[in-house]
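Reader: I am in my first year and still learning to read structures like this one. Please take me through one part of it slowly, starting with the aromatic rings, and then show me what lies around them.

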Amino acid sequence: MGIKAALPKYEIYFYKMVLCLALFWATSWIFEVSSSNANRKTFKPSVKSGWYYFGRKMDTADFEWVMWFSTFRAHILFALSGHVLFAKICSMLAPQYRSLVYMAYGLLAVLTSMGWTYVTLILSHCILLYSISLVKIRWLCFSTGLCTLATFKCEPFISWQAGLVEGDFELRHILFYGGCAFTIMRCMSFALENCERKDGNYNILELLTYNFYLPFFYFGPIMTFDKFYVQVNKSDLNRKEWEMWNIRVQGLIHLGAIIVVDILFHFMYILTIPTDMRLLKHLSDWALVGLAYFNLVYDWVKAAVMFGVINTVARLDHLDPPKPPKCITMLYVFAETHFDRGINDWLCKYVYDYLGGKHDNVVEELVATACTFGITILWLGPCQVVLLWAFFNCFGLNFELWAAKFFSMEPFASFEMAMSEAMSRRVRAIFNTFNFWSIVLYNIPALNSLDFANLVAKRLLFKGFPITTIIVMFVTYCLIQVIKEQERRQALIDDPDPLPPAAPPNAAASPTNTAATPAAAQPVADPNKEKAE
């Protein structure tokens, strides 16, 4: 089946109507639960006073969101504004030295916020991995980087290194782990790119410029060194047409998303409710399913907004940072599931694609995914939840390849060839429906808790069977078809169908071709209608 397979318009409209009604119904359940339990005793630690003109309390369970857009908003804005100001002045006066200005400002900001002992610790890791990169042995660089990363995930190394950091402010631990972990990943990227360089080596100043670029230093995203090096050293700083307009629009979109999320946190306590198992057991099936779905959507929105704010600053510096992650609502295959596109690009470049090749061999794919998720476990920190998350997602990614191989065999391939494209799309959407909920259930433990994931799975598949199961799967099927329609429209824009060749000029004058000319010209006259239908 091609991606451009179309369905009748009335069918797509029906799917959209069902989807909107289901979304409204689930939202009403969550709103009712939030309103009736706002003063619940178990909610007190995380449901606190919000905007007084709403007259409602606010869900503050996500420390990361509160830190970024409430508690330490002024500090983050001050640091990023200073970076933008100095970068702009340098770009106007001495653009050839702008990379050095990025490094100097980032180094000064890290020194001011974390102290000289922390900077010394970071520099020691940079020097170590730079020294190893000079040997130009890929496996040695990789193993050294992973061992260095492991020192921040196991005792007694982590306590000893954390004890070097000065100060007792609230953000100290977050900035410590974020800066150190991202530093190791950036240094590994530098070392691996240096191994690939044929003539000479990159110098350590280029590594420090890459590592101490302030917008990426503490919270990411990660740009691989090869991309950063090319972009930060380009001499042509002229912007494309409408580029600044697009940057402003993206900034306004992120601001609007922050306001919308803050408003929703006053009406739906989607992060606090899953922490109360006694309350969850009394909720309806629709409320539970809606909570699971909204939790994943919120995590995507958080990642998109946080990385979007940083990416806006990077684009002002004439960089092309990693794009925000793909919305969970648009995902129905494991191959596209990620919440940090920077880490995803890093893993794909240096591990997954390097070991997996074309990703059509079962054994190679299994080795590639196992190694990829092994490094991801080390990055996130080994624990029960992370191990379960990695196992299920690794299984899902391989199972997709196994299923594709199996259904490409006879007689299944002949069955699909005998179907129309529209029917093939419907059949595939049925299988994608189960895949979608596998993605949701496999990722809930990492975002909430294993108990919440177990409760949702039992209610959806066992206790709610068959009514809840069939209804939820049908609504999800409608969602998959809406996603496929969006992908079809985008494919027509990116790769429009070729138009039939025009009739020769002398063909119209020929008596024998007079009747055939209008029929041949008809598809040319209205190609858009043919595509849409």
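**Rings and the helices around them**

Author: Both Y210 and F225 are buried, where buried means under 20% relative accessible area, exposed over 50% and partly exposed in between (1.4 Å probe, protein chains only). Before we go on, please keep in mind that this is a predicted model, in which local features need pLDDT of at least 70 and side-chain atom pairs count only at pLDDT 80 or more, while totals for chains, interfaces and linings use all residues. Residues are numbered from 1 along each chain as its sequence is written, and side-chain values use heavy atoms, with hydrogens and water left out.

Let's start with the rings. Searching the whole structure gives 43 aromatic pairs (rings of Phe, Tyr and Trp, the last by its six-membered ring, pair if their centres lie within 6.5 Å; planes under 30 degrees apart are stacked, over 60 edge-to-face, and the rest tilted). One of them joins F176 and Y177, which meet edge-to-face with 5.0 Å from centre to centre and 75° between their planes. F176 is buried because its relative accessible area is 2%. Y177, by contrast, counts as partly exposed because its relative accessibility is 33%. Now come back to our opening residues: the ring planes of Y210 and F225 stand at 70°, with centres 5.2 Å apart, so this pair is edge-to-face as well. The pair links distant parts of the chain, since Y210 belongs to helix α9 and F225 to helix α11 (residues 225-232), 15 residues apart. (Helices are DSSP runs of H or I with at least four residues, strands are E runs of at least two, and both are numbered from the N terminus.) Y210 and F225 also share one aromatic cluster with Y102, Y130, F190, Y202, Y213, F216, F228 and Y229.

Follow the cluster to Y130 and you arrive at helix α5, where Y130 is one of the buried residues. The others buried in α5 are T117, Y118, V119, L121, I122, H125, C126, L129, I132 and S133. Among the elements that cover them are α4 (98-114), α6 (138-150), α7 (157-162), α8, α9 (204-211) and α10 (214-217). You have already met α9 as the helix that holds Y210. As for its length, α5 runs over residues 116-133, 18 residues in all, and reaches 25 Å from its first C-alpha to its last, close to the 26 Å expected at 1.5 Å a residue. That expected span is 1.5 Å times one less than the number of residues.

Step off α5 towards α6 and you enter the loop where K136 sits. K136 has a positive phi of about 60°, although it is not a glycine. K136 is partly exposed because its relative accessible area is 26%. H318, in the loop between α14 and α15, also has a positive phi, here about 65°, and it is not a glycine either. Unlike K136, H318 counts as buried because its relative accessibility is 11%.

Now for another helix, α1. It covers residues 9-36, and its 28 residues should span 40 Å at 1.5 Å a residue; the end C-alpha atoms lie 41 Å apart, which agrees. Its buried residues are E11, I12, Y15, V18, A22, A26, I30, V33 and S34. The cover over them includes α12 (243-267), α13 (277-280), α14, α19 and α21.

Helix α21 is worth a visit too, and T476 lies in it. T476 is buried because its relative accessible area is 5%. Leaving aside neighbours within four places in sequence, T476 is in contact with T433, F436 and W437, where contact means heavy atoms within 4.5 Å.

Just one more feature to find. In the loop between α20 (450-463) and α21 you will see P466, which is joined to F465 by a cis peptide bond with omega of about 5°. Another cis peptide bond joins E410 and P411, again with omega of about 5°, and P411 is found in the loop between α17 and α18.
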